[in-house]
Amino acid sequence: MAASEPPRLHLGLPMWANLDWRGGLYPPHGGSDDLLGDYARVFSSVEGNTTFYSGAPRAETVAAWARQAPAGFRFCFKLPSSLTHERRLVDVAAGFDDFLAALAPLHDRLGPMMVQLPRDFGAEELPRLEALLDRWPSWLPCAVEVRHREFFHKGSAEAALNRLLISHGANRVMLDVRPLFSTAAGDHPGMQKAQYEKPKRPLHVISTGEFPVVRFIGNVDESINIDYFTPWIERLALWIKQGKTPFLFVHTADNRRAPQLARRLYSSVAARAGLPPMADFPGERQATLF
C-alpha cells in the first residue's frame, strides 16, 4: 500500500463471485464476467479464500483481476493450505516465493496477505512462523490468524505470539465469531455449516501492526449483529485516528445478506470517523431505472 495513501477503512466480503447477490449488490440479469468490476465499485477489499484451497491462480486469471480492480482496491489473499496446513510452514520458502510471483501483476493492489494456521498449530511451532516472517517482503502487509486454544488464554503462549507479530509488524487477525455462536443453529443450514467450520474462540482485540484485520462473522439475525458490532465503531475510529488502515471483512452465516450488513456496519463507522459514503449497489441502482 502506497505510503502516500491516506488512512481509511477498507471494507470487504469473503468473496465477490456470489450469484445470490444478484438483484442487490449485482444487477439481476448480469453475467459472471463483470462481477469483480461491479464489486469493486462498492467495496475496497476482498478476502481471497480461493487461494487457500486451490493455491496460486492461473496467470490469465490474475491478469484479468488486474484489469478489473481499480488502483485503490486491495486483494487479501490467504496463503495456500498446502503451505500452512499440509507442510505446517516447514520448508515452504520456494512455495511461498512462487505464490508471490504468481500474484506479481497485482503487486500494488495487495492488502494484508493472510496466514491462517491450523487449529493445532501451537506455541512450540512459532519458530516456523518466525522463519516465514523473516522472509516476508517489506512491501507486503501480513496478517496471521491463529486458532489454537493456548493463544487465547492471555498466558505465555499468547504473549510470545504477540511479541513475534509486533516485532515483524505483522497484524493479528481478529476473528469475531460472537454473533455466530450467540444462538443455536437450529434447522438453518447456513448457521449449521458456519458453526461447524468456524472455531469458537474468544475475541482478543489487539492491533500488532499498521493494518488491523477484523473478520466479523455474523448471525442470520441482523439485530444480533448490530449489538455485537457497536463496540467496534469506536475501536475502528480510534485506529483510523492513529493513522492505521483497518480492514473489515463482513460475513453472515449463509452470506446471502452479507453485502447489506457490511453497508450498514460501514455507515456506522463512517459517521463516527468521517469516512466517505459507500457507492450504491449496482443491482439496486439498476432497479430504480425501471
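Biologist: Where I look at Arg215, should I read the residue as buried or exposed?

Modeller: Burial is read from relative accessible area, where buried means under 20%, exposed means over 50% and partly exposed lies in between, using a 1.4 Å probe and protein chains only. Arg215 has a relative accessible area of 2% and is therefore buried, and Glu47 is buried as well, with a value of 2%. Keep in mind that this is a predicted model, in which local features need pLDDT of at least 70 and side-chain atom pairs count only at pLDDT 80 or more, while totals for chains, interfaces and linings use all residues. Residues are numbered from 1 along each chain as its sequence is written, and side-chain values use heavy atoms, with hydrogens and water left out.

Biologist: Which residue forms a salt bridge with Glu47?

Modeller: A salt bridge is a side-chain nitrogen of Lys or Arg within 4 Å of a carboxyl oxygen of Asp or Glu. Glu47 forms one with Arg215, and their closest N and O atoms are 3.0 Å apart. This pair links distant parts of the chain, since Glu47 belongs to strand S2 (residues 45–48) and Arg215 to strand S8 (residues 213–217), 168 residues apart. Here helices (H or I, at least four residues) and strands (E, at least two) are DSSP runs numbered from the N terminus.

Biologist: How many salt bridges does this rule give?

Modeller: The count comes to 18. One of them joins Glu284 and Arg263, with N and O 2.8 Å apart. Glu284 lies in helix H12 (residues 282–287) and Arg263 in helix H11 (residues 258–273), so the bridge ties together parts that are 21 residues apart in sequence. Both ends are partly exposed, Glu284 at 29% and Arg263 at 25%. Returning to Glu47 and Arg215, salt bridges that share partners join these two with Glu145 and Arg147 into one network.

Biologist: In what order do the strands of the open sheet run?

Modeller: Strands of a sheet pair through backbone hydrogen bonds, either parallel or antiparallel. Two strands pair if DSSP finds at least two bridges between them. In this structure six strands form an open sheet with parallel pairing, in the order S3-S2-S1-S9-S8-S7. Strand S3 (74–77) and strand S7 (174–176) are the edge strands, each pairing on one side only. From one strand to the next the twist averages 25°, where axes are lines fitted to C-alpha atoms, for helices over the stretch in contact, and angles run from 0 to 180 degrees between N-to-C directions.
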